[in-house]
Amino acid sequence: MRMHRKKNLDERIAASSDYLIIMKNDSLNYSDAVNEKHYIDLEDFFGNANPVHLEIGSGKGQFGCEFARLNPDKNILCIERNRNVLILAIDRAREMELENIRFVCGTAEYLPSYLQKGSVEEIYLNFSCPFPKHRHRAHRLTNPRFLGIYKGIMKPDGVICQKTDNMHFFEYSIEQFSQCGFKLSNISLDLHNSDFEGNIETEYEKKFSSQGLPIYRLEARLN
């Protein structure tokens, strides 16, 4: 079911500049727009020089806000394109009085325009859309074109953590990570029945696990 537009959404987004940056890529052509440089001064944005972690597709902010609460010595930057859910994430962060979380309204394609090389410690891909049809595979966030983007913005020892409920998407991701030079570790085919510690659940994760569905997880490192 599609979420109704939030009341006074534009005004609330405009009033969130302390937490939010909105991507401004005027070109509709990715290959052109990505060459525009709008680098975020991360130290200025967060007000500190702590390591930056990145969540792509943050939804209502449950993972990002809990990560920020549990890791006060780390910063987390959350990317979300849907303003309707983005404002809920910002409201959650504000209510929790979190100082180490920030948001970007936009999409992963344009991250090289906003994040400099080697600026991110870890990337979280939590329950990304699997785009199950083969002709839509280029939109999957573990497609090689996205993995190339991540390589550019991650530190040399960076890691990508992926969670999904979709077995076929998980298998596809394992293949793409391996072919693109990532080393895989901590692969789980049933996260909630494993001995993995420190898992932070997302909204979708709670929903899927309550239905008895297994949660798949992996870590992909550059070296």
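Which residue caps the N-terminal end of helix 5? In this predicted model, the role falls to Asn82, which places a side-chain oxygen 2.8 Å from the backbone nitrogen of Asn84. Asn84 itself belongs to the buried residues of helix 5, together with Val85, Leu86, Ile87, Ala89, Ile90 and Ala93. The cover over these buried residues comes from several elements, including helix 1 (9–14), helix 4 (62–70), strand 1 (20–22), strand 3 (75–80) and strand 4 (101–105).

The geometry of helix 5 can be checked with simple arithmetic. The helix runs over residues 83–95, and at 1.5 Å a residue its 13 residues should span 18 Å. The end C-alpha atoms are indeed 18 Å apart, so expectation and model agree. After the helix comes Glu97, with a positive phi near 55°.

Helix 5 also takes part in a charged pairing. Eight salt bridges turn up in a search of the whole structure, and one of them joins Glu203 to Arg92, with 3.8 Å between the closest N and O atoms. This pair ties together distant parts of the chain, since Arg92 sits in helix 5 and Glu203 in helix 9 (residues 203–210), 111 residues apart. Both partners are partly exposed: Arg92 has a relative accessible area of 28%, and Glu203 stands at 25%.

A second group of charged residues is worth a look. Glu219 forms a salt bridge with Arg217, their closest N and O atoms lying 3.0 Å apart, and the side chain of Glu219 also meets that of Arg221 in a salt bridge, again at 3.0 Å from N to O. Through these shared partners, Arg217, Glu219 and Arg221 become one network. As for burial, Glu219 counts as buried at 8% relative accessibility, and Arg217 is buried too, at 7%. Arg221, at 28%, counts as partly exposed.

The cysteines tell a plainer story. No disulfides are found anywhere in the structure. For Cys65, the closest cysteine sulfur is that of Cys78, and the two sulfur atoms are 7.0 Å apart, so a bond is ruled out by distance; a disulfide would need the pair within 2.5 Å. Cys65 is buried, with a relative accessible area of 1%. Cys129 is likewise in no disulfide, the nearest cysteine sulfur being that of Cys105, 18 Å away. In contrast to the buried Cys65, Cys129 is partly exposed, with a relative accessible area of 42%.

Definitions and conventions:
Residues are numbered from 1 along each chain as its sequence is written. This is a predicted model: local features need pLDDT of at least 70, side-chain atom pairs count only at pLDDT 80 or more; totals for chains, interfaces and linings use all residues. Side-chain values use heavy atoms; hydrogens and water are left out. Buried means under 20% relative accessible area, exposed over 50%, partly exposed in between (1.4 Å probe, protein chains only). Helices (H or I, at least four residues) and strands (E, at least two) are DSSP runs, numbered from the N terminus. The expected span of a helix is 1.5 Å times one less than its number of residues. Contact means heavy atoms within 4.5 Å. A polar contact is a pair of N or O atoms within 3.5 Å; within protein, one must be able to donate a hydrogen and the other to accept it, and residues adjacent in sequence count only if both atoms are side-chain atoms. A salt bridge is a side-chain nitrogen of Lys or Arg within 4 Å of a carboxyl oxygen of Asp or Glu.
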